[in-house]
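Work through these short exercises with the structure in view. Try each task before reading its solution.

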Amino acid sequence: MDKILVIEDESNIFELIKFNLESNGYEVVGIGDGALAVEAVLTEKPRLVILDLMLPNKDGISICREIRET
């Protein structure tokens with residue numbers, strides 16, 4: 001089963017995304033804090049990352065740059 005990491009701080013949006021992905025057979029892991037996002041990518045090793053741009057503690061563009069550098 002493919003794992004998808006959803007980095008989203010708004011719980012209602014995360015739950016909607018999670019429901020739709022799980023309904024289609026994906027395993028979903030969620031993170032709501034930008035400061036924990038890069039560590040979660042390295043730990044969880046997802047097949048895909050869905051990344052919100054406006055997050056607490058670190059913005060999505062910075063997170064994307066850090067992920068690409070690792």
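**Exercise 1.** Is S11 buried or exposed?

*Solution.* Start with the ground rules. This is a predicted model, where local features need pLDDT of at least 70, side-chain atom pairs count only at pLDDT 80 or more, and totals for chains, interfaces and linings use all residues. Residues are numbered from 1 along each chain as its sequence is written, and side-chain values use heavy atoms, with hydrogens and water left out.

Next, take the cut-offs: buried means under 20% relative accessible area, exposed over 50%, and partly exposed in between (1.4 Å probe, protein chains only). S11 has 54% relative accessibility, so S11 counts as exposed. Now place the residue: S11 sits in helix α1. Finally, look across the chain. S11 and C64 are 53 residues apart in sequence, and their C-alpha atoms are separated by 21 Å.

**Exercise 2.** Find the pattern that the protein follows along the sequence.

*Solution.* Define the elements. Helices (H or I, at least four residues) and strands (E, at least two) are DSSP runs, numbered from the N terminus. Count them: there are 3 helices and 3 strands. Then read along the sequence: the pattern is β-α-β-α-β-α.

**Exercise 3.** Check the span of helix α1 against the expected one.

*Solution.* The rule is 1.5 Å times one less than the number of residues. Helix α1 covers residues 11–23, which is 13 residues, so 18 Å is expected. The end C-alpha atoms of α1 are 18 Å apart, which agrees. After α1 comes G25, with a positive phi near 90 degrees.

**Exercise 4.** Which value of phi does K45 have, and which does N57 have?

*Solution.* Recall the background first. Most residues other than glycine have a negative phi. K45 is not a glycine, yet its phi is positive, near 50 degrees. N57 is not a glycine either, and its phi is positive at about 75 degrees. Now locate both. K45 lies in the loop between α2 (34–44) and β3 (48–51). N57 lies in the loop between β3 and α3 (60–69). Last, check accessibility. K45 is exposed, with a relative accessible area of 64%. N57 counts as exposed at 61% relative accessibility.

**Exercise 5.** Is L55 buried or exposed? Which residues is L55 in contact with, leaving aside neighbours within four places in sequence?

*Solution.* Place L55 first: it is in the loop between β3 and α3. Its relative accessibility is 11%, so L55 counts as buried. Contact means heavy atoms within 4.5 Å. With those neighbours left aside, L55 is in contact with I7, E8, D9, G34 and I63. One more pair is worth finding: L55 and E10 are 45 residues apart along the chain, and their C-alpha atoms are separated by 9.0 Å.

**Exercise 6.** Compare the radius of gyration with that of a compact globule.

*Solution.* The radius is taken over C-alpha atoms, and the globule rule is 2.2 Å times the number of residues to the power 0.38. For 70 residues, a compact globule would have a value near 11 Å. The protein has 11 Å, which agrees. Add the extents: along its principal axes the C-alpha trace spans about 30 × 25 × 15 Å. Then add burial: buried residues make up 29% of the 70 residues.
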